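Trainee: I'd like to go through this one with you, chain and sheet. Can we pull it up?
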Amino acid sequence: MMQFTCPHCGPRAQSEFIYERTVDSVVPLDAPSQEAMAKLFTRSNPRGVDDEIWRHTYGCRAWMILTRHRVTNEISGCRAIGPEALP
Amino acid sequence: MINFSFDGKAYTAQEGDTLAAALLRNGIGLVGRSFKYHRPRGIMTAGVEEPNALVTVGEGGRAEPNTRATDVFVYEGLVARSQNRWPNLNFDLGALFSLASPMLPAGFYYKTFFGSAKRWMLYEYFIRKAAGLGNAPTQGDPDRFSHRAAFCDVLVVGAGPAGLQAAVDAAEAGKRVILVEQDNILGASLIRDPQELNAVWISATAARIRAAGGRILTRTTASGYWEHDLVTLTQRLSEPGQIPVNGVAQRLWHVRAGQVILANGSIERPMAFAHNDRPGIMLSQALRSYVRRFGVVPGKRLVIATNNDDAYKTAQALKDAGAQIVAILDARPAPAGANSGHRVYNDAVPLSTKGARHCLKSVSALVDGKEMDWDADLLAVSGGFTPVVHLHMQAGGTLDWNEDAQAFIPASSRQNVTTIGGAAEPQPIFKMVPVSKPKKSFIDFQNDVTLADVDLAWAEGYRSVEHLKRYTTLGMATDQGKLSNMAALGRLAEKQGVAIPEAGLTTFRPPYTPVTMGLIAGAGAKDAGAHVRRLALYDLHAAKNPIWQPLGYWFRPRAYPNGDETLAQAALREAKAVRNNVGMTDVSTLAKFEVSGPDAAAFLEIICATTVGKLAVGRGRYTFMLREDGFVFDDGTVWRLDENRYLLTSSTGGADRMATHISYVRQYLCPHLRVSAVNVQEHYAGIAIAGPTAKAVLATLIGEEPPRHMSTVPAVIAGVPVIILAASYSGERAFEIYVTASDAATVWTACETQVMTVGGALYGLEAMEFLRIEKGHLVVGGEVDGRMTPYDLALDKMLNKAGGYIGASGLARPALSETGRRQLVGLEAIAGDIPEGSMLIPSEGASPQGHVSAAAFRIIEGGSVALGQLVDGFSRHGEVLIASSPTRGQKARVRVVAPHFYDTAGERYRD
C-alpha cells in the first residue's frame, strides 16, 4: 500500500484514496468522437512517470494529480485541482 | 508440566516447549506423512521453515491446519493431530503411493489425467482424497482478529544479536523504534549459541530499548513488505487452537516505517542424498536448538554431514549433552575440522540412509571415493546457509551472489531498507555436488520433489526456473521453498551449464509465513463485511416487522405481511392497494443532489443527456445520464426548485457512483463553472404516496391543492416543511414528499394515518417492482445494465439535441445506433410463467437473441408479463419466442409486445 501526500491533509495511506484515471485519458467535454474514444480505450501505459488523478475519498474528498513512477511507485509530485486551485 | 495430546494420546511438555520439542521430548519421531508419496516424516527444523512436521492444532472452528509443529508453543490442553494419513499415522494406506513412485514423476497429473471432462471428474475424487495437507475447519472461527496501524522511524525485523543492537542504537538515538521477533523470546541465534552475548545481555538490551520508548513485539512476523516502506506484521496473541485471553486471537499490524532494518538471519540448507527425509535426520542448527534451548536430545549416536564450520558447534553441543559423536562427514578436504577433537572424515559426501518408519538406523557416505557406513540414530546435516532475503526482495530489492557462501545476499533496494547480520554476511561453505541416487534424493520435502524430478523437467524442456517450479510444484505450499529453492537452482544451473546467479530466481511474494484467512478479514468478517446504512424511518418500519431487502448498503422493507401472508401474497395486496386506492412507501434511499448557482443548468446539461435549461421554476422531468462511451448508466428526475436551484435524483444502487461522477465532472472537467453540487441523499428522507386517491390524501395533508404531474411545491405537513414532487414510478397519480431526515418520523406518521383512514396500505420493494414492470419503467441494474444505449431503451427522443453532455461523442459512434442491437421489449406469456433471467430463443436449441431482465404479472387481471432485451426488438412486436432458463428447468412461450402493460396513454398520472 502506497502513501500519498494529500495537498490538504498531508501524508495518508493509499487506502484513503480512490484512483480515477490518468490525466492522459481524461475525455475533454468538447472532444470529437474519435479523440474521445482514443482517450478512453487507447492507453499509453508508459514504463516510467505518469500523471494520475486520485481522490482523497475517505479523507477530505478533494481531487488531486499525483505524479507516480509506474515501476518504482516513486511519487514525485502531488497538486490540488478543482475550482480552488484555478489560477 | 503442561498436558497436551497428539493423535488422541496424552503427553506432557515442559514450559516453553514448541510442539516439535515436546514431541521429541516424548520420543516421537514420526510426525507426518509426505504430500505425494506419504513417506514417513519427522521433525527436520526448529523454525518456520519446517517442511515435514505439519499438524492440525485445535478443535472445531478454532482448528488450524498445516501448522508447523516447530512454530506452535505448547499450552495446557493443546490438541494436535497428524495429517495426510489414513487410517492412521503408523499405518497409512497412502504410503502405497511410495511404492508407485516411479509411476508418479513430475507432471504426472498433467500427463495422465486428460481426456473427457467426465473421466476427470472420476480421477479428481481420488486425487483430492490422496493429495493435500490438512483440512480446513467446517465451523466458523469463534475468535476475533484485529487490525492496527502504527508508525515508527525505525522498524527492526529479527531480534538476534544484530537486530537487538540496531534497535537499541536507534532507540537511544531518540528514534521511534519497533522491534519484531517471530519467536516468543528474543535472541534468535543467541538462544542456541550463547557466547559473550548471553541471556543477561539479551534482557538488558530489551530493557534499554523499552526504556528509550521502543516497542518490542514477540510472536510477531513481518510477513509482507509493501510499497513506501509499509510492512505488515502478523502477531499471535494466542497460539494456534488456543482460546484467546481477550477474545482476540491475532492482530495484523500495518506499520509505516521511516526506515526498515532487516536482521532476518539465514536458514540452514539440507543436503541431497538418498533417503535424506527419514525421521531422525535434522538440520544441524535445529538439532543444536533442541539440545541447548529445550534440553531435548533426540538420539544417542550422532553422525554429522557438513560443508562448513558451523556444524562442529552441534557436535560440541551433543557431546556436552552426553550423546556419542560417531562421525563428522566433512565435504571439505583436510585439514578442515582437524582440531575439533571429533572423528572427522574429509572429502566425505553422504550417500544414503537406512532406517524404520520411526527412526534412523545407519548412514552411508562416499569418503574420498570409498563407500563407508555407520550405525546412527541421529543425522545432522548442514548444507550451507540461505540468507532470508524475502522482505528485501518484496521491497523491490536486488541480490548479489556470494561465491564463498554459495548464496544470494541483499544488494540494493528502491525502498529505505537495509539488511544486517547473518543475512548480509552468510558463513562460507564448500560447494558440493550431490553424488547419490537422484530418485530418492529429496530437495523439496514438503512437495516430494527429488533431484530426479528436476532432471526430468529439464529433459522435458522446462528451462526457466519459473516453469520448473510450476511443473514440479517445487517451492510451493507452507514453506514456500525456504529449504528447497537453492538446491533446485543449483541443479538447474548445473544442467544449463551456467553459474547459479544466471539461472534466475522465482519471485518472493508475501506472506513470508502462512497467514490465516481470519486475520486478513480482521474486523470485516461476518456481518461487518460491509457497513449498513439505516433508514431514518428504520424504527417505524421495524415495528411492523417487514421482510427486509438489501439495496446497496441499505435495507428496505420488501413487503409488510399481514398475519400469515407470504411475500407474494403481501406484495400483491400492497400493489392492488396502489392500483385501486392508495399506498405509501419509503423512498429515502434514492440518490439526491442539490445543484445550485448561476451555472447550475449548464452543469446539469453536462451531467444529464436531456435538456434541463428550459425547465420552468416549479417543474421537473425524467432524465438519464450516460457514461463517456455513450451507454446509459443511471436515470432519475431533475426538478427546478428555484431560479438557480435544482434537485437531481438518481438510483439508490448507483448513488455513490453518481456522487463520484458528479464530483469528478465538477472538480476536474468544469472547475470554472459557478455551481455547487451537494450530495443530499441522507439529508432528506423520502415518502412516496401513490394511487387514484393519492391526490385527495395529499390535499388533506398539506391543506391545499397538490401540484400537477411533474411539478414541485414547498408545503407543510404536520407542521414540518417539506418539498412535494409530483412524480410517478408506479404508474398511478403519485407524489414524493422530501423532508429533513430528522423530522421524517412526524411526517411519515401523519401520512400513514391519512392513508390508513382511506383504507390504503404500506407497500414495499416487491410491490414497487410489480408496479413498475407492469408500467414498463426502467430500473438501473435491470434494464439499464450498462450495455444499453438511449436508442436501445427508446430514450433517444429525449436526448439534448444541442449535445454537450457527457457521452455525446461516444454515442455518436455508428455502432451504438445500428441494427442488430438488443432493444427493450415487453413480453407477455402465452403459456407458463416467464422465468426472470431466462434467455429468449426463437426455437429449442437456437442461439439466444435476448434475455428477460425483469418478470412479474398483471396486478389486477393476472397473467405473467416481463421486460426484456431482444435483438432488433422494436420491430419484432407480435413475434412468439421461448423464454428458457435451462439452469432452473423453467420455460414459457412468450409474445413480444411494447414494454407497457398498463395505462399506455399515461392518463392515470394526470388530473
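Trainee: How many helices and strands are there in chain B?

Mentor: Quick housekeeping: this is a predicted model, where local features need pLDDT of at least 70, side-chain atom pairs count only at pLDDT 80 or more, and totals for chains, interfaces and linings use all residues. Residues are numbered from 1 along each chain as its sequence is written, while chains are lettered from A and ligands numbered from 1 in the order written. Helices (H or I, at least four residues) and strands (E, at least two) are DSSP runs, numbered from the N terminus. By that count, chain B has 23 helices and 47 strands.

Trainee: What radius of gyration does chain B have?

Mentor: Take it over C-alpha atoms, with 2.2 Å times the number of residues to the power 0.38 as the globule rule. A compact globule of 911 residues would come out near 29 Å, but chain B has 37 Å.

Trainee: Which strands are at the edges of the open sheet S2-S1-S7-S5-S6 in chain B?

Mentor: That sheet has 5 strands with mixed pairing, and two strands pair if DSSP finds at least two bridges between them. Pairing on one side only marks the edges in chain B: strand S2 (9-13) and strand S6 (64-68).

Trainee: Which residue in S2(B) stands opposite Phe4(B)?

Mentor: Strand S1 (residues 2-6) of chain B pairs with S2(B) in the antiparallel sense, over 5 bridges. Opposite Phe4(B), in S2(B), you'll find Tyr11(B).
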